[in-house]
Amino acid sequence: MSNATLTPESRSSLRGATLPKWFLWAVAAGSIAAGLGISAAAGLNSSIQWALIAAVLFVLGTYAISARVEGRRQAKDRVATSMVWVAFIMAVIPLATLIWATVKRGVKVLDGYFLTHSMGVVADEEAGGGIYHALLGTLEQVGIATAISVPLGVLTAIYLVEYGRGRLAKTVTFFIDVMTGIPSIVAGLFILSLWIVILDMGHSGFAGALALCILMIPVVVRSTEEMLKLVPNELREASLALGVPKWRTILKVVVPTSIGGITTGVMLAVARITGETAPVLLLVWGTDFINANPFQDAQESLPMYIYLQYGAGEAASHDRAWAAALTLIAVIMILNLAARGIALWKAPKTGR
């Protein structure tokens with residue numbers, strides 16, 4: 001009998017029994033209730049413990065019920081889906097808790113005054129003050145690091161993808177891989193020994209920006225390299241077949257095609273270095289006063305400000321630290337949203 005002659009009832013009977021769509025929600029509710037009951041009976045006070053118990057019961061309950069009704073093959077598929085959901089929830093809950101705690105504690109003093117004033121005449125135990133000097137320092141240091149790292153990283157990636165052959169390309173790739181895993185404190189120590197100890201240039205925001213460059217360049221190179229590899233070779237070949245030089249093909253065809261992904265990688269690299277503390281602690285130091293010159297004297301930054309304020313141990317300083325942390329998260333979120341927006345804007349247009 002062909003599929004065309006099968007009635008809906010006969011097709012349903014061939015597929016076998018199927019659990020309803022609300023099955024997983026019911027199992028999840030039962031698992032949570034059972035987890036809470038087991039935790040209460042065993043005297044477990046930690047929310048993490050009952051959550052783990054509920055997760056295990058959810059996976060086991062999904063397999064047991066599905067295997068009995070739908071068969072083992074479908075049960076294995078449902079277990080895989082359940083484990084994906086459990087892993088997703090376990091990853092999201094700490095992040096959501098962190099953001100909620102930061103917002104709850106940070107909004108106490110976060111206002112226009114806090115964003116436009118410094119700590120120049122305010123003691124750590126006193127209320128008031130702000131993060132203007134730290135916000136200015138962070139923007140300048142990250143801006144300098146980006147201005148240096150992006151051209152170097154993008155051009156290096158273009159060389160590796162379009163021109164790189166032989167031993168030199170392999171050597172560059174190897175060192176890029178090594179630099180990707182360098183701890184931030186090592187980058188700070190390197191610039192400290194070279195820029196401050198050997199060259200005697202002194203502590204400044206620019207010294208911190210140089211250390212941030214070491215952390216940012218490999219991220220830019222790797223992300224740009226992967227985006228350039230996604231450009232179809234047919235586009236390159238079509239341009240070269242028209243007699244266009246290779247450098248112009250790269251400039252007019254390859255880079256514009258991948259500019260959305262390149263921009264996203266750059267923004268993610270910027271977001272990564274924005275929260276670095278170790279290089280700033282070694283190279284920039286910190287100051288309670290506004291220093292708009294990143295090439296001379298100590299300069300504050302948001303990570304350093306958070307570290308110093310929380311370390312002061314006063315209630316007012318703790319409030320300022322949480323507000324600065326919330327500001328830092330907001331800056332990074334804005335950068336990520338900007339990256340996604342640019343990626344969507346510059347993405348190749350598809351249509352029929």
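In the predicted model, Asp177, Arg222, Glu225 and Lys229 are joined in a network of salt bridges. Within this network, the side chains of Asp177 and Arg222 form a salt bridge with an N to O distance of 2.4 Å. This pair links distant parts of the chain, since Asp177 belongs to helix α7 (residues 166-180) and Arg222 to helix α9 (residues 205-229), 45 residues apart. Asp177 has a relative accessible area of 41% and is therefore partly exposed. Arg222, at 22% relative accessibility, also falls in the partly exposed class, for which the lower limit is 20%.

A salt bridge is likewise found between the side chains of Lys229 and Glu225, with 3.6 Å from N to O. Here both residues are in helix α9, and their separation of four residues corresponds to about one turn of the helix. The two partners fall in separate accessibility classes: Lys229 is partly exposed because its relative accessibility is 48%, whereas Glu225 is buried because its relative accessibility is 5%.

The structure contains six salt bridges. One of them joins the side chains of Glu70 and Arg78, at 2.7 Å from N to O. Both Glu70 and Arg78 are buried.

Two patches on the surface were examined. Phe190, Leu194, Val197, Ile198, Leu199 and Met201 make up a nonpolar surface patch of about 610 Å². Of these residues, Met201 is placed in the loop between α8 (184-198) and α9. The relative accessible area of Met201 is 48%, so this residue is partly exposed.

The other patch carries negative charge and is formed on the surface by Asp124, Glu125, Glu126, Asp288 and Glu314. Glu126 sits in the loop that runs between α5 (112-116) and α6 (132-163). With a relative accessibility of 39%, Glu126 is classed as partly exposed.

Asp124, a member of the negative patch, is also a contact of Ser317. Ser317 is part of helix α14, which spans residues 315-346. Its relative accessible area is 0%, and Ser317 is therefore buried. When neighbours within four places in sequence are set aside, the contacts of Ser317 are Asp124, Gln309, Tyr310 and Ala312. One of these contacts, Gln309, is itself among the buried residues of helix α13 (residues 302-312). The buried set of α13 consists of Leu302, Pro303, Met304, Tyr305, Ile306 and Gln309. Gly313, just after α13, adopts a positive phi of about 80°.

Helix α14 also contains Ala338. This residue has a relative accessibility of 30% and so counts as partly exposed. Between the C-alpha atoms of Ala338 and Gly130 the distance is 26 Å, and 208 residues separate the two along the chain.

Positive phi values also occur in residues other than glycine. For Trp285, phi is near 65°, and this residue is located in the loop between α12 (278-283) and α13. Trp285 is partly exposed, because its relative accessibility is 45%. Asp297, which is not a glycine, has a positive phi of about 70°. Asp297 also lies in the loop between α12 and α13.

Toward the N-terminal part of the numbering, Ile53 was considered in helix α3 (residues 47-69). Its relative accessible area of 22% means that Ile53 is partly exposed. Leaving out neighbours within four places in sequence, Ile53 is in contact with Gly35, Ile38, Ser39 and Leu44. The C-alpha atoms of Ile53 and Ser31 lie 8.1 Å apart, with the two residues separated by 22 positions along the chain.

Technical notes:
Residues are numbered from 1 along each chain as its sequence is written. Side-chain values use heavy atoms; hydrogens and water are left out. Patches are made of residues with over 30% relative accessible area and no salt bridge: like charges are joined within 9 Å, nonpolar side chains (Val, Leu, Ile, Met, Phe, Trp, Tyr) within 5 Å. Accessible areas come from the Shrake-Rupley method with a 1.4 Å probe; for residues, only the protein chains shown count as cover. A salt bridge is a side-chain nitrogen of Lys or Arg within 4 Å of a carboxyl oxygen of Asp or Glu. Lys and Arg count as positive and Asp and Glu as negative; His and the chain ends are not counted. The place of a charge is taken as NZ of Lys, CZ of Arg, CG of Asp or CD of Glu. Helices (H or I, at least four residues) and strands (E, at least two) are DSSP runs, numbered from the N terminus. Buried means under 20% relative accessible area, exposed over 50%, partly exposed in between (1.4 Å probe, protein chains only). Contact means heavy atoms within 4.5 Å.
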